[in-house]
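Hi,

Here is the structure I promised to pass on. Have a look at it first, and my notes follow underneath.

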Amino acid sequence: MSIRSTLLSTISAGVLSVASSAALAECAAPIKVGVLHSLSGSMAISETTLKDAMLMLIEQQNTKGGLLGCELEAVVVDPASDWPLFAEKARELLTVNQVDVIFGNWTSVSRKSVLPVIEELNGLLFYPVQYEGEESSKNVFYTGAAPNQQAIPATDYFLEELGVEKFALLGTDYVYPRTTNNILESYLKDKGIAADDIFVNYTPFGQSDWATIVADVVSLGEDGKQVGVISTINGDANIGFYKELAAAGISADDIPVVAFSVGEEELSGLDTSSLVGHLAAWNYFQSAESEANTDFIAAWKAFAGEERVTNDPMEAHFIGFNMWVNAATEAGTTDVDAVRSAMYGQVYPNLTGGTAVMLPNHHLAKPVLIGEIQADGQFDIISQTTEVPGDAWTDFLPASAVLKSDWKDLGCGMYNVETETCVQLTSNY
Amino acid sequence: MRSALFALILMVCGVPAVKAETLQPILQTYATEIAKPSRKTVGETIDTIAASGLPQVTAFLEQWSEKNIWQRTDGTFFVATAAGDSLSLTDMDTQIKTTAPKSDFKQLKPNGGVRRLIATALVQFQLLDPDLTRRKTAVASIARRPEAAQLIPLMASIDGEVDVVLKARKIQLANFLSARFATETQDRIAAINSLSADTSVEARAVLNQILTTTTGVAGTAPQGNIAAILDPMVAPDSSYGALVESKLAPPKQTVSDIKKVLEANIIEGRIAGFPLAQMDDPLMREAAYSALAAQDSVPTLITKELRDAALFSHVFYEIYAEPNAQITAAAEVARKSADNHVTTAQFADLTLDALSLASIFFLAAIGLAITFGVMGVINMAHGEFIMMGAYTGYVVQLFIPNYTVSIFVALPLAFAVTFLAGVVMERLVIRRLYHRPLETLLATFGVSIALQQLAKNVFGTQARPLTSPDWLAGAWIINDVIQISFIRIAIFILALLFLCLIIYILKKTRLGLEVRAVTQNPGMASSMGINPDRINMMTFGLGSGIAGIAGVAIGLYAKVTSEMGSDYIVQSFMTVVVGGVGNVWGTLAGAAMIGFGQKGIEWLNPSNTLAAQTYMILFVILFIQFRPKGIVALKGRAAGD
Amino acid sequence: MERTFIAKNPSILWFLLGLSVFTVLVTIFSEAAGSSVVSTSFLKILGKTLCLCLVAIAMDVVWGYCGILSLGHFAFFGIGGYAIGMWLMYDRTKDIVVGSLENNILPPTPDEITIAIGTQIFGVVGSSEFPLIWAFSHSLPLQLLAVVLVPGALALVFGWLAFRSRVTGVYLSILTQAMTLALSLYLFQNDTGLRGNNGLSGLQNIPGLEAVSQATLSLWFFWASAFALGAGYVFFAWMLAGKFGSVIRAIRDNETRVRFLGYHVETYKLFIFTTTAMIASIAGALYYPQAGIINPAEIAPIASIYLAVWVAIGGRGRLYGAVIGAVFVSLMSSWFTGGSAPDINLGFYLVKWTDWWLILLGLTFVGVTLFFPKGIGGLFDLISNYREKQQ
């Protein structure tokens with residue numbers, strides 16, 4: 001800790017002790033909530049929606065009377081889909097704007113960029129997107145799905161329900177598909193699938209030439225086994241992939257495809273009539289039937305516009321924000337350490353039914369949904385599990401099977417169960 | 001609640017399933033399983049329902065599979081279609097139609113695996129159905145899940161089949177089935193032999209299924225249809241693992257096993273006499289472990305020698321699941337021959353893919369071949385012209401919902417839009433910079449960023465749909481290995497057309513003559529009465545317009561985004577440069593080289609497409625260094641210097 | 001010699017003076033000095049901007065002075081970042097790993113240490129083995145050497161091949177752009193061993209200096225960047241001042257004529273190309289520890305083109321022009337995209353600068369190329385011409 005921040009904290013501690021008695025009566029300054037989502041660049045399309053969702057949640061909270069008697073104020077910055085800029089903006093939010101919590105980021109690399117800053121300055125980040133796991137930071141709450149909350153149940157569905165015996169793991173060449181496919185490979189081998197029956201392929205971002213890869217997948221069927229595709233293909237590349245799939249006349253009955261990065265938004269870029277029956281796995285679909293979801297969609301459309309759709313990361317922010325509000329109310333302060341201790345065990349109703357629980361490993365317990373693509377570009381939910389607790393370190397890779405994250409009792413995100421020691425306190429970025 | 005109901009029905013009906021004439025009671029018996037079916041357990045239920053022999057069964061199974069069965073809160077099942085908040089219901093037994101609010105009902109959504117089982121159960125009803133589509137469904141279902149029991153009904157249905165195509169398909173399937181399931185060995189061998197030239201995935205699947213093997217290990221080779229005796233030394237560690245798994249050898253200690261044992265045996269800072277501090281050396285660790293083993297406190301360390309001795313004293317083998325050696329021998333021969341055919345076919349398919357990729361590169365670059373290749377103007381906004389063309393296609397589809405009409409409107413419109421954009425850019429920017437090529441590069445790059453961002457502001461960053469008409473949607477399928485989508489064929493034809501068109505314009509028309517004159521010697525050309533400004537403007541417009549058409553084609557096969565242009569720009573320039581500037585044939589050669597080269601590298605390393613792109617670029621860079629004028633180099637005065 | 005060189009180039013003194021005053025002012029108002037005027041995050045931006053100025057100068061020398069429009073200098077900048085980043089990651093992780101392995105009952109074997117470090121670094125891309133490319137990452141001196149030698153060697157080989165084959169003008173630009181694209185695609189692959197799309201992160205934590213706060217570290221890096229910029233400026237000014245500089249400028253203006261005069265043009269060009277590549281790499285090695293993360297997106301071809309944009313807007317063929325361009329455009333860019341620029345309401349349409357800034361930049365750039373080829377630096381000419389007329 002630098003001289004200045006030491007000084008600062010001594011002063012602010014003094015101020016706090018004076019202020020806390022008066023805080024209940026009236027509020028000196030609004031509580032600041034940082035929103036760190038790209039508003040320009042390649043990620044803007046996904047992240048702008050989340051920024052709007054945060055603004056809506058904050059507005060709703062303020063009409064309910066704010067937090068701790070104070071008004072909430074959103075501080076929105078634009079990291080412009082530029083990874084180093086995420087670190088710069090996070091530092092700015094924490095030191096210059098003095099926010100109490102940050103909701104933001106999308107993609108692992110942006111999170112890894114922010115991690116050292118958040119940990120150095122003891123900030124609090126809510127990360128709302130599915131990710132590859134293998135990380136646990138004291139300062140981050142992961143409200144999106146860990147691999148065991150999306151990839152593993154989807155694979156189980158393939159194995160159990162569709163009887164798939166041969167797997168094609170297709171992914172865009174970056175960390176999330178790499179790690180997820182590693183975990184899945186190891187998981188499938190545990191389930192008795194031979195190494196020869198797992199085909200892995202990586203393509204660059206925005207890949208458009210899919211003919212050869214689709215042909216390779218088709219020819220996997222040559223030993224008479226049921227073939228299934230697990231797709232971690234990202235963004236635009238999906239369009240070419242599904243178009244080629246449709247052109248080759250591959251129906252979901254022949255070779256089913258389950259995708260982890262394809263939602264309502266990606267499907268709007270193509271004609272889905274030839275893709276009916278292919279699958280996606282998420283923790284939330286807009287088509288989920290529940291009262292909470294109907295209300296949420298109505299509020300969202302009223303706030304942002306009739307044509308807007310809801311998606312999985314929005315639900316993650318919805319749960320994360322409400323849990324933070326409740327935790328801060330319980331703790332009686334927005335101080336990071338106090339809020340963090342109050343977060344453990346927080347429950348909040350999911351939009352899809354059931355309740356989400358915040359676990360000591362900073363992940364949520366959430367249900368896993370599998371949806372079939374319909375001709376209108378929405379998903380038909382055909383399978384919904386009970387709540388699955390998120391797992392920071394996967395059980396299916398030998399190196400991480402021995403690791404455990406428990407910030408509540410063990411106070412460690414990387415605890416080796418075998419040696420019973422804490423490997424390290426900072427996260428690995 | 002439901003189980004109580006279930007019990008009640010049981011009590012009232014006694015043994016309902018067999019004698020009932022209505023379907024509902026049978027369904028109620030299995031209500032839970034039908035409402036939430038799972039592939040692994042639902043089979044029996046479906047079989048029982050099918051076995052009831054009721055006429056309603058077919059309809060029920062079909063509707064169930066189509067997700068048209070709804071369950072009322074009291075458990076009763078209905079065929080229903082939703083309309084707003086209400087459902088129009090049909091009673092399955094009485095066919096009486098009613099309507100009811102949706103909230104009292106729950107839709108049944110059987111998953112894909114269950115639907116496949118339902119389809120299999122439906123085969124017996126559909127195979128002889130007068131409706132052709134139903135018969136087709138049945139045949140397709142057999143193809144997906146071939147079962148021994150289907151052989152006889154399928155054979156029986158062949159003679160009565162009136163549809164020629166379906167009949168051929170039935171014969172083919174019957175052949176596949178008899179190769180696997182026929183009772184007589186001779187029949188099977190005959191069927192197997194007929195598969196030796198078949199490259200279809202299904203035929204190979206049949207052969208591979210017959211040739212399924214399992215590996216095993218034993219003291220001596222067992223009786224049975226042995227496929228091969230394996231050499232354990234190819235992968236000694238995994239072979240030893242197989243030994244351990246069959247409980248024929250003690251497990252080999254891993255590094256962490258040794259570590260755990262050592263940690264458990266520390267006595268006063270020493271392990272079997274070795275000081276703890278020495279344990280940072282793996283050899284010392286093994287020595288300490290061996291010392292412990294010598295004291296009989298831990299199992300003996302499996303050294304390499306021990307492992308090899310164990311491997312040599314056992315036989316590792318592969319055994320066929322099929323007991324009849326005649327059949328496996330015939331299948332091996334057939335598979336080998338089929339594999340040869342497949343290899344040839346794969347090569348042909350790869351060539352087709354490469355050809356297609358080359359035509360896409362060519363189409364993307366052909367506009368540049370004119371503006372850069374012939375005029376020498378470097379236009380970094382070329383990619384954005386491609387994008388403009390694609391967005392034009394998207395906008396046209398917004399207004400004209402008929403895909404066929406919209407494509408034929410979009411193509412000329414895209415040409416017009418980008419032609420105009422090209423002319424405007426030529427007049428405003430490029431004309432002022434004809435003698436400063438590097439600055440043209442920079443200025444057009446400025447235009448490129450502005451256009452890209454403008455597209456983002458107008459259309460958003462999200463990909464937009466550009467859908468091809470139905471007649472372009474499928475693929476040309478020669479066999480299961482060689483196939484190519486129609487849209488790629490269309491791109492290929494389009495590329496050829498443009499090649500001819502441009503060659504024609506440049507070589508046979510007045511405009512072409514003037515273009516060549518202006519590019520070779522503008523001063524001389526203008527003294528011959530040619531207006532170089534007008535010619536340059538027209539040529540640039542032409543090149544840009546073609547980029548627009550290419551954009552529509554590329555958008556049809558891939559995606560329409562604001563960044564699609566930048567995906568093609570570097571590749572396109574390289575295509576032109578590597579082929580040889582100033583010559584359309586050169587661009588063709590360049591596109592062919594890059595297309596085939598990329599597919600070739602992909603074939604060498606199929607799991608990594610990115611590597612193929614990287615190495616292709618490196619190859620092109622090196623190629624240009626050694627042949628700076630490209631593949632088709634101009635000679636003499638036309639070469640410029 | 002020294003005196004005449006300075007006397008010939010009074011702008012150097014002015015530049016150094018300005019840079020020193022700026023450095024001192026920033027230091028006084030930095031958080032490390034107890035003030036809060038310049039926050040640490042802003043200090044990092046300033047430090048990074050100085051590094052960008054340095055690479056812009058290098059770009060100016062190779063393009064503005066020698067006439068080679070290289071669209072690959074940001075690739076060299078990135079290589080520098082990667083080279084230093086590998087050591088930073090390795091050493092930081094090693095400290096953590098060795099610390100945690102000390103808890104083990106048995107002292108760890110060298111293998112165990114390597115695997116543990118590998119798992120930490122490459123676990124994120126699903127591997128634990130050290131690729132060959134990391135062979136020297138344990139040693140700071142070797143990686144520092146790599147900062148200079150790797151881009152130097154790459155530029156030397158590439159330049160030698162290209163210049164030997166007389167690839168010039170736009171062809172060379174396209175080739176350098178292809179080289180950048182190939183490099184960024186290469187780094188994007190996970191198989192390369194540099195963590196693919198994730199790149200190297202946490203670079204702001206300097207191993208061995210954990211006790212020093214980021215406020216102080218940022219100041220140190222700011223000083224280092226300022227020193228590097230000053231030194232680079234003087235070095236290039238000195239290099240271009242004498243006869244050597246005249247030959248370089250002559251190559252820009254008419255390469256063929258210089259060749260006929262008996263100069264070995266290729267050698268001159270190769271020297272300039274390689275030297276500037278090395279300087280660009282040094283700038284990168286200073287930049288990325290301040291940014292905290294480097295990944296292949298940084299090296300995408302567009303980055304190198306922006307570099308050319310800075311130099312063009314600032315004014316090429318003069319070193320201070322490059323500095324002005326880099327500062328002006330990068331600060332403008334962060335002002336417009338940072339959301340602090342006020343939206344303009346046209347009545348029928350609301351111009352949001354986050355959306356419209358790139359269009360403005362693109363069109364400005366077209367305008368500058370068309371009408372002000374000398375860029376902002378050209379304004380200084382106007383002033384000095386005016387003064388001369390007055391005298």
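Let me start with the contact between two of the chains, in what is a predicted model. Chain C puts 42 residues into its contact with chain B, and chain B answers with 44 residues. On the chain C side, helix 6 (140–164), helix 7, helix 12 (301–314) and helix 14 (353–371) each bring at least two residues to the surface that touches chain B. Helix 7 of chain C gives the most to that side, with 14 residues.

How far can you trust it? The scores for the model are ipTM 0.87 and pTM 0.87. For chain C, the mean pLDDT is 87, and 98% of the residues reach 70 or more. Within chain C, helix 11 (residues 265–291) has the highest mean pLDDT of the elements, at 95, while helix 1 (residues 2–8) has the lowest, at 65. As a reminder, predicted coordinates should not be read in detail where pLDDT is low.

While we're on chain C, look at C:Arg195. This residue sits in the loop between helix 7 (169–188) and strand 1 (200–201) of chain C. Its phi is positive, about 65°, although it is not a glycine. Is C:Arg195 buried or exposed? With 26 other C-beta atoms within 10 Å, C:Arg195 is buried, because 20 are enough to count as such.

Chain A has a residue of this kind too: A:Asn105, not a glycine, has a positive phi of about 75°. You'll find A:Asn105 in the loop between strand 3 (101–104) and helix 4 (108–120) of chain A. A:Asn105 has 29 C-beta neighbours inside 10 Å, so it counts as buried.

Now for the sheet in chain A. Its 5 strands form an open sheet with parallel pairing, in the order 2-1-3-4-5. Which strands stand at the edges? They are strand 2 (72–77) and strand 5 (140–142) of chain A; each has a single partner strand, so one side of each is left without a neighbour in the sheet. From one strand to the next, the twist averages 25°. Strand 1 (residues 31–36) of chain A runs parallel to strand 2 of chain A, and 6 bridges join them. In that pair, A:Val33 stands opposite A:Ala74 of strand 2. Helix 2 (residues 44–63) of chain A packs on the sheet, where it touches strand 1, strand 2 and strand 3 of chain A. The direction of helix 2 makes about 165° with that of strand 2 of chain A.

Over to chain B, where a helix pair is worth a look. Helix 18 (residues 382–399) and helix 24 (residues 532–557) of chain B have axes that come within 6 Å and cross at roughly 55°. That makes helix 18 oblique to helix 24 of chain B, and the crossing is right-handed. Among the residues making the contact are B:Phe385, B:Gly389 and B:Gly393 from helix 18 of chain B, and B:Ala547, B:Gly551 and B:Gly555 from helix 24 of chain B.

One last residue: B:Leu363, in helix 17 (residues 325–374) of chain B. B:Leu363 counts as buried, with 27 C-beta neighbours inside 10 Å. Beyond its neighbours within four places in sequence, B:Leu363 is in contact with B:Ile491, B:Leu494, B:Ala495, B:Ala550 and B:Ala553. B:Leu363 and B:Ala495 are 132 residues apart in sequence, yet 5.4 Å apart in space, C-alpha to C-alpha.

Cheers

How values were computed:
Residues are numbered from 1 along each chain as its sequence is written. Chains are lettered from A and ligands numbered from 1 in the order in which they are written. This is a predicted model: local features need pLDDT of at least 70, side-chain atom pairs count only at pLDDT 80 or more; totals for chains, interfaces and linings use all residues. Helices (H or I, at least four residues) and strands (E, at least two) are DSSP runs, numbered from the N terminus. A residue is buried if 20 or more other C-beta atoms lie within 10 Å of its own, exposed if 12 or fewer, and partly exposed in between; C-beta atoms are placed from the backbone. Two strands pair if DSSP finds at least two bridges between them. Axes are lines fitted to C-alpha atoms, for helices over the stretch in contact, and angles run from 0 to 180 degrees between N-to-C directions. Two residues are in contact if their C-beta atoms, placed from the backbone, lie within 7 Å. pLDDT is the predictor's confidence in each residue, from 0 to 100. Angles under 35 degrees count as roughly parallel, over 145 as roughly antiparallel, 65 to 115 as roughly perpendicular and the rest as oblique. A crossing is left-handed if the near helix is turned anticlockwise from the far one by less than a right angle, and right-handed if clockwise.
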